[in-house]
Amino acid sequence: MEIGSIFIWWLILFVFGLVGWPLAFTLLRHLPDRGFALARAMGLLLVGYILWLGATFRLLQNSIGGILAAMVIVMAVGLIWRRQQARENGSMLAWLKQEWRYALTVEVLFGLAFVAWVFFKAHNPNIETAGGEKWMEIAFINGILRSDYFPPQDPWLSGFGISYYYFGYVMMAALTQLSGLISTTAFNLYVPTLFALTLTAAFGLVANMVALYRRSKNTESASEPTIPQPMLTLPAALTGLVGALFVGLMGNLIGVLEVLHKRGLLPAEFWIWLDIRDLKIPPTGPGDSWIPDRFIWWWRGSRVLTDYNLAGREQEVIDEFPLFSFLLGDVHPHVLALPFVLLVTALALNLLANPVSIANRTGEATSDNLFDKLVGSVRQSWQTISTATGGRIGFILYAIFVGSLSFLNTWDFPIYLSVVGLAFIIWLTRRSSPWQAALLPGIIGMATLAVTGIILYLPFYATFQSQAKGLLPNLWNPTRLPQFFVFYGPFLVAIVVLMLLLSIRNQGWRKSIGWTLPLAIFGPLLLMLVVFSTVLINPAGRGYIEGIINNPDVQAVIGQASIGALLQESLWRRLLNPWTFLFLGGLLGWAAALAIGLLDSAANHNESTSTYDSRLVEKFVLILLLVGLGLPLAVEFIYLRDNFGIRMNTIFKFYFQAWVLLALASAFTVYYASINLPRLAWQIGMLLLVAGAMIYPILAITNKADNFQDEPTLNGIAWISSQRPGDYAAIKWLRENAPDNAVILEAPGSGYAAYQYTGRISALTGIPTLLGWGGHQSQWRGNYDEPGRREPDIDAIYNTTDPVQAQQLLKKYGVNYVYVGALERERYSPSGLNKFDQMMTVVFQQDDVIIYQFQ
């Protein structure tokens with residue numbers, strides 16, 4: 001294993017932490033750890049942003065020089081801003097002298113997590129086509145590495161830029177350039193990097209929550225906080241580790257079920273009732289082992305939920321969680337964004353902890369003119385949110401970080417904008433009387449942040465296309481509560497305990513539960529009906545619904561081809577299985593009532609006159625719960641319509657982020673309940689649940705690494721060298737000899753086919769080809785128009801025996817190289833391939849591979 005390369009990579013990440021810490025120290029000055037645990041993520045994102053923006057406007061080149069220039073800019077801005085704020089924020093060196101134990105803990109955690117996952121990846125390094133998106137991801141990385149400016153070229157559609165949220169790949173490509181590693185080796189360091197960044201970010205965020213809570217207990221009777229305690233107290237450190245465990249290391253409860261199923265325990269009726277794919281087939285008898293050995297059994301951890309269409313056929317549902325994603329090893333946007341959603345969540349906590357007082361302007365009127373009032377409200381909201389985020393520089397940084405989520409993983413932008421927006425609204429309530437007066441300026445401030453975040457990434461939006469086609473109602477697939485509990489079980493128990501404790505401590509929630517509960521339960525149902533009505537009004541939407549009800553299999557279920565019959569069947573299925581949405585709606589309504597109760601209590605006790613909120617951590621946890629519970633509740637009723645036409649992707653994206661938010665809230669609950677309940681009983685009960693959830697990672701990691709018996713390597717395409725040596729040698733030759741602007745022709749993924757050994761040369765070199773995986777292009781661009789035009793031309797180039805026709809088509813697409821390997825020989829006619837010997841020069845030949853150069 002390449003020890004030297006691993007050390008260099010870690011050292012580069014350490015430097016990014018140094019680059020980012022001056023800004024983190026100033027921006028996150030209201031957090032006890034001053035953003036130390038998030039410095040690497042902050043430095044990496046800001047350098048990536050400046051590099052991307054500079055390369056987009058051709059002010060910087062996508063090169064080592066451009067990356068170093070971006071690093072200098074970030075470092076300089078951080079040091080200058082910190083110097084301007086030195087009196088208020090103190091010295092970084094003084095902080096380190098006091099908190100060196102905490103800093104050392106963060107560094108040790110990062111180092112151990114990084115090295116451990118490098119060891120894991122080295123034992124399953126293959127960049128393969130089946131069972132994941134690695135082929136696509138390495139194509140993006142190589143496309144970016146071969147692009148001097150942005151948007152980067154799409155290796156799977158020559159002449160076009162990448163139409164995807166590719167910001168995370170820009171950051172990984174920057175690390176690759178600085179390290180000097182080949183992309184297919186660096187690829188296996190991406191996930192360990194993200195794993196370590198995620199664990200340290202979760203650790204720091206939860207440790208900050210505990211430290212702030214302990215500080216609030218010391219200042220509950222005072223108007224100002226007392227002298228801050230050291231960050232690294234034992235409760236903060238232990239709970240921070242629980243946060244890292246819950247967010248990034250723990251699995252769902254499928255591991256318990258896999259073990260019981262393998263052992264042949266529990267009656268057949270139970271497995272049929274549970275209805276989880278593979279497990280619903282009852283064991284034939286008592287087993288002789290506890291260890292599951294079914295082929296890639298660990299994959300089912302991401303397929304706990306089971307949906308059916310109206311005809312009773314299974315529909316694919318993806319319900320990944322962070323550990324599964326790290327295990328799978330795909331460097332997909334939801335994984336690339338993970339450390340940065342935690343960074344934005346920390347920004348929300350930092351905002352809420354801001355003790356700066358603002359003038360109470362509630363009810364202030366500047367003009368009788370409605371337009372003037374609106375302009376005044378916007379101006380005041382801008383000034384207020386600027387104060388809340390640390391001034392103009394702080395606001396711009398907040399907008400960069402929040403806005404980046406759309407470029408990293410677009411689904412995350414509205415989710416974490418909501419987290420920051422709710423934190424801003426609650427922060428405003430300290431100076432609003434009544435607290436409801438903070439709602440409008442809070443919403444305006446949230447919109448200001450959102451608009452600014454979009455403006456800062458306008459070049460991305462200008463070239464981005466999407467397969468999204470609006471919202472659809474989830475009419476017939478309510479999630480079964482047992483499956484939901486298998487996925488979120490430990491978190492659900494912790495959440496209920498937390499809410500019970502909050503209810504006992506503050507009785508104000510009783511005043512509002514009468515309307516928050518019905519709203520949370522019936523509001524989503526009403527939203528589904530509104531979406532359904534909107535779909536029917538739209539001709540395309542009505543055609544979609546009519547296509548469903550005209551299906552003979554569907555008619556056999558609903559009785560007749562009518563919308564009324566479809567709604568009747570939907571209502572019946574809801575009545576038969578209402579428990580998940582009732583449970584989620586109940587929790588959401590309860591959490592909303594608790595939040596309102598805390599706000600009412602603060603107003604009644606004149607807490608708004610204080611610059612420090614003694615209940616800020618409880619309020620922050622309730623924000624996490626409101627958004628975290630709202631996500632799975634929403635997908636019970638609506639989902640985003642895409643090329644798949646089912647709720648698979650919406651569940652995937654929403655459940656993943658709900659896991660993060662509920663994990664953070666649950667980690668804090670471990671501490672909160674330990675000081676408010678009989679400690680031993682609570683900790684034993686939670687320990688049993690966590691132990692059950694840890695069965696999955698313990699067994700799955702070993703299984704995925706094949707018991708760590710193979711020789712470790714970080715070369716992601718070593719398998720190609722043994723199985724397809726001609727392709728391996730050709731890839732190496734093209735990397736070394738093909739110019740940056742070259743275009744190569746190879747066999748594409750036929751039609752919508754993907755996850756096959758096609759598009760391999762373009763993916764592994766970054767040299768654009770006419771068409772790679774066509775189905776993915778359809779998903780990225782929302783249509784199959786351009787791939788559909790190119791497919792017959794590609795066939796003609798390979799199959800025609802007319803050299804003139806082939807030359808005309810090669811010139812049309814600017815092709816420089818034609819690739820003929822085993823795949824091309826299988827697909828195209830020998831007579832068509834033979835013509836290349838007469839019309840082009842052979843520049844590479846080994847085994848069954850020939851590369852022709854067209855001039």
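Modeller: Before we start, a definition: a helix crossing is left-handed if the near helix is turned anticlockwise from the far one by less than a right angle, and right-handed if clockwise. And keep in mind that this is a predicted model.

Colleague: OK. So which hand is the crossing of helix 6 and helix 8?

Modeller: Right-handed. The contact uses Lys-134, Glu-137, Ile-138, Ile-141, Asn-142 and Leu-145 from helix 6, plus Ser-183, Thr-184, Phe-187 and Tyr-190 from helix 8.

Colleague: What's the mix of residue classes in that contact?

Modeller: Five nonpolar, three polar and two charged.

Colleague: And at what angle do the axes cross?

Modeller: Roughly 120°, and the axes come within 11 Å. Helix 6 covers residues 134–145, and helix 8 covers 183–218.

Colleague: Switching to the sheet. In what order do the four strands sit?

Modeller: 5-6-8-7, in an open sheet with mixed pairing. Strand 5 (744–745) and strand 7 (841–846) are at the edges with a single partner strand each, so each has one side without a neighbour in the sheet.

Colleague: How does strand 5 run against strand 6, parallel or antiparallel?

Modeller: Parallel, joined by two bridges. Ile-744 sits opposite Tyr-817 of strand 6.

Colleague: How many bridges join strand 7 to strand 8?

Modeller: Five, and those strands run antiparallel. Gln-845, for instance, has Ile-850 in strand 8 as its bridge partner. Their hairpin has two residues between the strands, and there Asp-847 takes a positive phi near 55°.

Colleague: Which strands does helix 30 lie across?

Modeller: Strands 5, 6, 7 and 8. Helix 30 spans residues 725–737 and runs at about 135° to strand 7.

Notes: Residues numbered from 1 in each chain as written. Predicted model: local features only at pLDDT ≥ 70, side-chain atom pairs only at ≥ 80, totals over all residues. Heavy atoms only, no water. Pairing = 2+ DSSP bridges. Contact = heavy atoms within 4.5 Å. Axes fitted to C-alpha atoms, helices over the stretch in contact; angles between N-to-C directions. Nonpolar A, V, L, I, M, F, W, Y, C, P; charged D, E, K, R; others polar.
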